[in-house]
Amino acid sequence: MSTATDTRFMTLALSLGRRGLGSTAPNPAVGCVIVKAGRILGRGWTQAGGRPHAEVVALAQAGDAAKGADAYVTLEPCAHHGQTPPCAEALIAAGVVRVVVAVEDTDPRVNGAGIAMLRAAGIEVETGLCADQAARDNAGFFLKTTAQRPFVTLKLANSFDGRIATGTGESQWITGAEARRAVHAMRARHDAVMVGGGTARQDDPSLTVRGLGIEKQPTRIVISRRLDVPLMGALARTAGEVPVLMCHGRDADPALQDTWRGLGATLLPCATIGSQLDPRDILKQLAAQGMTRVFCEGGSALAASMIEAGVVDRLVGFTAGLTIGAEGLPNIGALGLGKLAEAARFDLVAVRRVGNDICHEWARRA
């Protein structure tokens, strides 16, 4: 039976696992702690690129002392041979006597097989400790496995009255420097940063993580049916340095497709619904590319299409203390709702002050 001590070590393992968010896809971001007699012998998390896995890193730190130890792992150890041997085998070979697992792996190649392998070797296995937090941390990995799409965070920074730009299109800067730095940290915890073609044309964003010293930049995704994004803009100029993925309609100009490929971008033809690209098809194809977590930064038309499609898992809002008025651009485009009952509902999970702005986070209601 799990104890308060077990919870403390699993909480540490979860915090370690979160260090890998944004850098381990298509693998999950896992944490592991090796403990004997109350002393931590090894700590590990899944490394950039998805390997080595957390268990292997922690066991390497523990060395021979891992024999007779307990292992705390935030996700069921893998049981299949991929580019690395199974972590369940590594734990068995190290001689651990007990493994505490937060949550089982939904990947059909594992899905209980790792736990069964450990038990067959005579190792005591406990499951379910801090399972809710572990499931939230790896929601993108689970969605990729079970729903064939990544986890989607929609971030919007707006004025007190919900505007993202003035009537003339001016938007820099509504929120302060502290909020912008917080957004960069959020980008770093995702596999990709996504914007619509209108935002790419209007703001000419770079969509990179700056000022945090990270090594792996998220992929930059632009949703543009016609590929009519400036060829002299920041994204085009840097497509050969930081990955750019252009989601476009199958009828996009072949010459533009060739030009973007020549600049170094990856092109992803997607299905359309009416005059817009289909958000569900976009996300299905991104999952097939190995992505588990996507950070969508709008604009208003893309935000509306994602909400309407029911694929937004988390809302992050930064609200500034200024008003722009009705002539300003709303943060979410038309949804065509006739009744409040038709509106998507989200549950508040966090509110905090960031500089002179407010950050509020909401989770999709189950």
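## Reading helices, cavities and pockets

Author: Let's start with two helices. In this predicted model, helix α2 (residues 54-62) packs with helix α3 (residues 87-94) at an angle of about 20°, and their axes are 9 Å apart.

Reader: How do I put that angle into words? Is α2 roughly parallel or roughly perpendicular to α3?

Author: Angles under 35 degrees count as roughly parallel. That makes α2 roughly parallel to α3.

Reader: And which hand does the crossing of α2 and α3 have?

Author: Left-handed: that is how α2 passes α3.

Reader: Which residues meet there?

Author: From α2, look for Glu-55, Val-56 and Leu-59; in α3, they meet Cys-87, Ala-90, Leu-91 and Ala-94. Sort the residues of this contact by class and you get six nonpolar, one charged and no polar.

Reader: Okay, on to empty space. How many cavities of 30 Å³ or more are there?

Author: A cavity is a space where a probe fits but cannot get out. Searching the whole structure turns up two of 30 Å³ or more. The largest cavity holds about 80 Å³ of space, while the second largest has a volume of about 30 Å³.

Reader: What lines the largest cavity?

Author: There are 16 lining residues, and Leu-21, Ala-29, Asn-138, Thr-292 and Arg-293 are the ones nearest the centre. Helix α6 (residues 139-146) gives the most to this lining, with three residues. As for class, the lining of the largest cavity has seven polar, six nonpolar and three charged residues.

Reader: And which residues line the second largest cavity?

Author: Its lining is made of Ala-13, Leu-14, Gly-17, Arg-18, Ala-29, Thr-74, Ala-134, Asp-137 and Asn-138. You've already seen Ala-29 and Asn-138 in the lining of the largest cavity. Two helices, α1 (4-17) and α5 (131-137), each supply at least two residues here, and the largest share, three residues, comes from α1. The classes in the lining of the second largest cavity are four nonpolar, three polar and two charged.

Reader: What about pockets? How much space lies in the largest pocket?

Author: A pocket, unlike a cavity, is an open set of points. The largest pocket here has about 1200 Å³ of space. It is lined by 48 residues, and those closest to its centre are Thr-199, Asp-203, Glu-297, Gly-298 and Gly-299.

Reader: Which elements give two or more residues to the lining of the largest pocket?

Author: The strands are β6 (151-158), β7 (163-165), β8 (192-196) and β13 (276-277), and the helices are α7 (177-188), α8 (197-203), α11 (279-288) and α12 (300-308). Of these, α8 gives the most, with six residues. By class, you'll find 19 nonpolar, 18 polar and 11 charged residues in the lining of the largest pocket.

Reader: How does the second largest pocket look, and which residues lie nearest its centre?

Author: This one has about 680 Å³ of space. It is lined by 25 residues, with Arg-136, Phe-151, Arg-293, Arg-314 and Glu-361 nearest the centre. Two or more lining residues come from each of α5, α6, β6, β14 (293-296), β15 (314-319) and β18 (357-364). The largest share, five residues, is from α5.

Reader: How do the lining residues of the second largest pocket divide by class?

Author: There are 12 charged, 10 nonpolar and three polar residues. To trace this pocket yourself, start at Arg-293, one of the residues nearest its centre; Arg-293 is also among those nearest the centre of the largest cavity.

Note on methods:
Residues are numbered from 1 along each chain as its sequence is written. This is a predicted model: local features need pLDDT of at least 70, side-chain atom pairs count only at pLDDT 80 or more; totals for chains, interfaces and linings use all residues. Side-chain values use heavy atoms; hydrogens and water are left out. On a 1 Å grid over the protein atoms alone, a cavity is a set of points where a 1.4 Å probe fits but cannot get out, and a pocket is an open set with protein on both sides within 12 Å along at least five of seven lines; lining residues have an atom within 4 Å of a point. Grid points are joined across faces, edges and corners, and a volume is the space filled by probe spheres set on the points. Helices (H or I, at least four residues) and strands (E, at least two) are DSSP runs, numbered from the N terminus. Ala, Val, Leu, Ile, Met, Phe, Trp, Tyr, Cys and Pro count as nonpolar, Asp, Glu, Lys and Arg as charged, and the others, Gly among them, as polar. Axes are lines fitted to C-alpha atoms, for helices over the stretch in contact, and angles run from 0 to 180 degrees between N-to-C directions. Angles under 35 degrees count as roughly parallel, over 145 as roughly antiparallel, 65 to 115 as roughly perpendicular and the rest as oblique. A crossing is left-handed if the near helix is turned anticlockwise from the far one by less than a right angle, and right-handed if clockwise. Contact means heavy atoms within 4.5 Å.
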